Amino acid sequence: MNSSSPSVVYRLDPARVRGEFLRLLPISLFVVAFGTAFGLAAVQKGILPLEATLMSALVFAGASQFAALELWGDQVALLPLMAITFAINSRHILMGASLYPMLRDMPTPRRYGLLLVLTDANWAISAQDYQNGRRNLEVILGGGMVLWLAWLIGTLLGVYFGGMLAHPEQFGLDMVLGCFLLAMALGGRKNPRVLLAWIVAAVAAMAAYWWLPPHTHVVVGALAGGVVGFFWLERKTDEH
Amino acid sequence: MSIETSSQGILAIIAIMALVTLATRWGGPFLMSYVTINPRIESFINTMASSVLIAILTPMAITGDIGARAALGTTAVLMLVLHKPLPSIAAGIAAAAAARYFF
């Protein structure tokens with residue numbers, strides 16, 4: 001893959017966008033369940049149904065939305081709200097950066113438009129495809145749209161009929177994203193370089209989890225793993 | 001400084017969270033547009049990308065309950081044997097539900 005020469009403009013293929021929308025439909029059903037849990041938790045804090053739905057539509061980042069509810073009271077402290085939202089979602093910065101070799105071949109407005117629906121699941125697929133030599137930004141858009149819709153529909157269900165799913169963890173639903181991301185990680189290419197990076201990332205993430213401020217472990221672990229790649233370059237023997 | 005959770009206050013909270021989250025979605029590619037991508041930088045971001053997943057998953061597995069461990073263990077084994085994501089994920093979720101029901 002050409003990494004230095006300016007390449008052709010990346011054009012999104014509408015058929016592939018639709019294909020990726022359908023590909024992420026099964027996992028989106030689980031996202032609906034998660035959204036339902038959020039909607040229920042939000043109305044229990046006294047947030048109006050419309051407000052909870054608006055939050056899901058505009059923020060579209062589940063973990064930080066649940067964390068915001070933890071801060072909820074008659075008042076919400078502004079700085080902790082911003083700090084926690086940023087810390088939990090700062091993984092997006094690294095995810096977006098990793099897509100840059102593809103995104104830079106796209107006109108700027110389209111590039112930033114696409115990123116509106118960047119989230120864990122569609123990014124994980126795109127990143128895995130890229131590791132395997134396929135350029136797939138279609139999954140960011142198509143997959144992102146179905147995940148966004150699912151999060152919205154789930155929140156709506158939760159604010160009106162949430163009682164049905166008060167304890168999603170009973171059904172293992174809190175592990176959907178974890179299992180999904182693990183399947184993506186193990187489906188990627190494995191070689192000694194990647195394994196060393198994973199060990200370094202795991203150790204750094206645990207150290208940050210125990211000893212650094214809350215919610216910093218993803219960024220710390222990922223950057224530590226990246227350092228391995230910085231010093232240990234892949235030999236250009238295969239096609240990628 | 002605090003925001004009251006009146007209806008206007010909640011709209012402000014939503015707007016602030018949306019803007020902060022948007023900054024994280026846009027920030028990475030924005031910063032990268034100032035970086036010259038050479039093979040070393042590309043190797044860094046590729047390795048970092050696969051490490052993101054490990055950094056999310058490791059604390060989940062180590063500090064999680066028996067359900068979380070059953071889920072991740074089941075998905076890992078099936079994924080390495082079958083190489084099929086959907087059955088592996090579904091079995092992982094079922095394992096979490098079963099582990100929490102029985103233990």
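Student: Is A:E138 buried or exposed, and how is that decided?

Tutor: The decision rests on relative accessible area: under 20% is buried, over 50% exposed, and anything in between partly exposed, with a 1.4 Å probe and protein chains only. A:E138 has 1% relative accessibility and therefore counts as buried. This is a predicted model, in which local features need pLDDT of at least 70 and side-chain atom pairs count only at pLDDT 80 or more, while totals for chains, interfaces and linings use all residues; side-chain values use heavy atoms, with hydrogens and water left out. Residues are numbered from 1 along each chain as its sequence is written, and chains are lettered from A and ligands numbered from 1 in the order in which they are written.

Student: Which residue meets the side chain of A:E138 in a salt bridge?

Tutor: A salt bridge is a side-chain nitrogen of Lys or Arg within 4 Å of a carboxyl oxygen of Asp or Glu. The partner of A:E138 is A:R16, with 3.5 Å from N to O. Helices, for their part, are DSSP runs (H or I, at least four residues; strands are E, at least two), numbered from the N terminus. A:R16 belongs to helix α1 (residues 14-23) of chain A and A:E138 to helix α10 (residues 138-161) of chain A, so the bridge ties together parts that are 122 residues apart in sequence. A:R16, at 34% relative accessibility, is partly exposed.

Student: How many salt bridges does the structure hold over all chains?

Tutor: There are seven. One of them joins A:E20 and A:R23, whose closest N and O atoms are 3.0 Å apart. These two residues are three apart in helix α1 of chain A, and are therefore separated by about one helical turn. A:E20 is buried at 8% relative accessibility, whereas A:R23 is partly exposed at 42%.

Student: Where does the bridge between B:R100 and A:D174 run?

Tutor: The side chains of B:R100 and A:D174 meet at 2.8 Å, N to O. The pair crosses between chains, from helix α4 (residues 85-102) of chain B to the loop between α10 and α11 (176-187) of chain A. Salt bridges that share partners join A:D174, B:D65 and B:R100 into one network. A:D174 is partly exposed, with 27% relative accessibility.

Student: How should the crossing of α11(A) and α3(B) be read?

Tutor: Axes are lines fitted to C-alpha atoms, for helices over the stretch in contact, and angles between N-to-C directions run from 0 to 180 degrees. The axes of α11(A) and helix α3 (residues 66-82) of chain B come within 9 Å and cross at roughly 30°. Angles under 35 degrees count as roughly parallel, over 145 as roughly antiparallel, 65 to 115 as roughly perpendicular and the rest as oblique; α11(A) and α3(B) are therefore roughly parallel to each other.

Student: Which residues make the contact between α11(A) and α3(B)?

Tutor: Contact means heavy atoms within 4.5 Å. The residues of α11(A) include A:G178, A:C179 and A:L182, and those of α3(B) include B:T75, B:A76 and B:M79.

Student: Which residues does B:S88 touch?

Tutor: Leaving out residues up to four places away in sequence, B:S88 touches B:T75, B:L78 and B:M79. B:S88 is found in helix α4 of chain B and is buried, its relative accessible area being 0%.
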